[in-house]
Structures are given as C-alpha cells and as structure tokens.
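Student: I have a structure to go through. Can we talk about how each label is earned?
Tutor: Yes. Bring up the sequence and the model, and ask away.

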Amino acid sequence: MEIEIRKMELEDIPRVAELERRIFSMPWSTQSFETFLQSKDALYLTAKKDGVLAGYCGFFQSFDEADIMNVAVREEFRGQGIAYRMLCRLMELGRKRGILRYTLEVRAGNETALHLYEKLGFKSAGIRKGFYEKPREDAVIMWTDGAEAEA
Ligand SMILES: CC(C)(COP(=O)(O)OP(=O)(O)OC[C@H]1O[C@@H](n2cnc3c(N)ncnc32)[C@H](O)[C@@H]1OP(=O)(O)O)[C@@H](O)C(=O)NCCC(=O)NCCS
C-alpha cells in the first residue's frame, strides 16, 4: 500500500509522541503536540503505511515565514523518500497559507537531515553554538530563499 500523507489529528498524538520518544533525546511531550495541533498557526502532517505511523513533520507560522519542526521517520521506513515527500507537501500547503520562507535548525553532525534539507532548497544561514543538549552540539540554522523544490 502507498504511503498516505495526511494532516495530523489529535488522535494521532499518542503514537506520534511514542515515535518522538524513540527517536529524539529531548522529545516533545504529548501536551506540546496537543498545544501545537490546536494552534491555527501550526500545521502538522503524518505519513502512514497500512495505518502504521511512518513519520511526521510540522511547522509553526509567523506571518509569511514558518519554522519547520519535528521531522522524523521511523527507522524501518527510512531511505524511501518519505521525509522528502512529507516536507514537499508541508511546504506546498504552507505556500497556500501565504508562507514565503521557511527556516529550521538541525544538528551540525546530522548529515542525512542536512542533505535532505539542501535537496529541498534550504541553505545554511549560520551556526548557533551549543544549541542542542544530550549531547551538546551546534545547530545549523537554515532558510529557504522562497524557491523551494517542487513536490
Ligand atoms: C532525517 C530523516 C527524517 C530522513 O528521513 P527519510 O525518510 O529516510 O529521508 P528520505 O528517504 O526522504 O531521504 C532524503 C535524503 O536523505 C538521504 N539519506 C537517507 N538516509 C540516509 C543515510 N542513512 N545517510 C545519508 N543520507 C541519507 C537520502 O539519500 C535522500 O537523499 P537522496 O535522495 O539524494 O539520496 C530520518 O533519517 C530521521 O527521522 N532521522 C532521525 C530524526 C532526525 O534527525 N530528524 C531531523 C531533525 S532536524
């Protein structure tokens, strides 16, 4: 069955939070996801295969800019273009809401994510020293220039 990319619903949160805890050393809580999902300025998507949560991502919008957050794909589903497709869809939906530029932060050593974001048109705009904890690591701040990759 094909990967289905849909808007994240409140009922998805327990499984999203479980995957978040599995993947990240400083995971968002169930409550954080609930707060964002109920904000009109946020948009979150899930990717599912045969009903199984394969990944998720989202953004928080501020005027014509948005911060992309919580990009994650379950380990056994990686390397199949799921993150790329989810993010293309997310950015396309954002453009319809008037978003012109996207930003995000990524661990400086996260080669996979850096490569993924570059493919989507993000460029490094600087380093935030020691931004991450567990383990402490610099963040690369990335921005699109408004000409993102096509879905
Ligand atoms: C980063 C992540 C979301 C990528 O998800 P994914 O669905 O595997 O990514 P895609 O299949 O869409 O691949 C996107 C690009 O990354 C590359 N890539 C995938 N796995 C890779 C790996 N293990 N090493 C290097 N590059 C890799 C792919 O080759 C692809 O580029 P290409 O098409 O030019 O080859 C996933 O690895 C993940 O959840 N990692 C842990 C959480 C994380 O780091 N999130 C980002 C926080 S900012």
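Student: How many disulfides does a search of the whole structure find?
Tutor: The search finds 0. Keep in mind that this is a predicted model.

Student: How do you know that cysteine 57 has no bond to the closest cysteine sulfur?
Tutor: Check the distance. The closest cysteine sulfur belongs to cysteine 88, and it is 10 Å away. A disulfide needs the two sulfur atoms within 2.5 Å. So 10 Å is too far for a bond. Cysteine 88 is likewise in no disulfide, with the sulfur of cysteine 57 as its nearest.

Student: Why is cysteine 57 called buried?
Tutor: Its relative accessibility is 0%. Buried means under 20%. Therefore cysteine 57 counts as buried.

Student: What makes cysteine 88 count as buried?
Tutor: The relative accessible area of cysteine 88 is 5%. The cut-off is under 20%, so the label fits.

Student: What makes a set of residues a nonpolar core?
Tutor: The residues must be buried, of the listed nonpolar kinds, and joined through side-chain atoms within 4.5 Å. Here the largest such core has 32 residues. Ile68, Leu87, Tyr117 and Phe122 have the most contacts inside it. Several elements each supply at least two residues, including β1 (3-7), β4 (65-73) and α4 (111-119). α3 gives the most, with 7 residues.

Student: Which residues does phenylalanine 122 touch?
Tutor: Among them are Ile68, Met91, Tyr117 and Trp143, leaving out residues up to four places away in sequence.

Student: Which residues belong to the second, separate core?
Tutor: That core has 12 residues, including Leu19, Tyr44, Leu53 and Tyr56.

How values were computed
Residues numbered from 1 in each chain as written. Predicted model: local features only at pLDDT ≥ 70, side-chain atom pairs only at ≥ 80, totals over all residues. Heavy atoms only, no water. Buried < 20%, exposed > 50% of the residue type's maximum accessible area, 1.4 Å probe, protein only. Helix = DSSP H or I, 4+ residues; strand = E, 2+ residues; numbered from the N terminus. Contact = heavy atoms within 4.5 Å.
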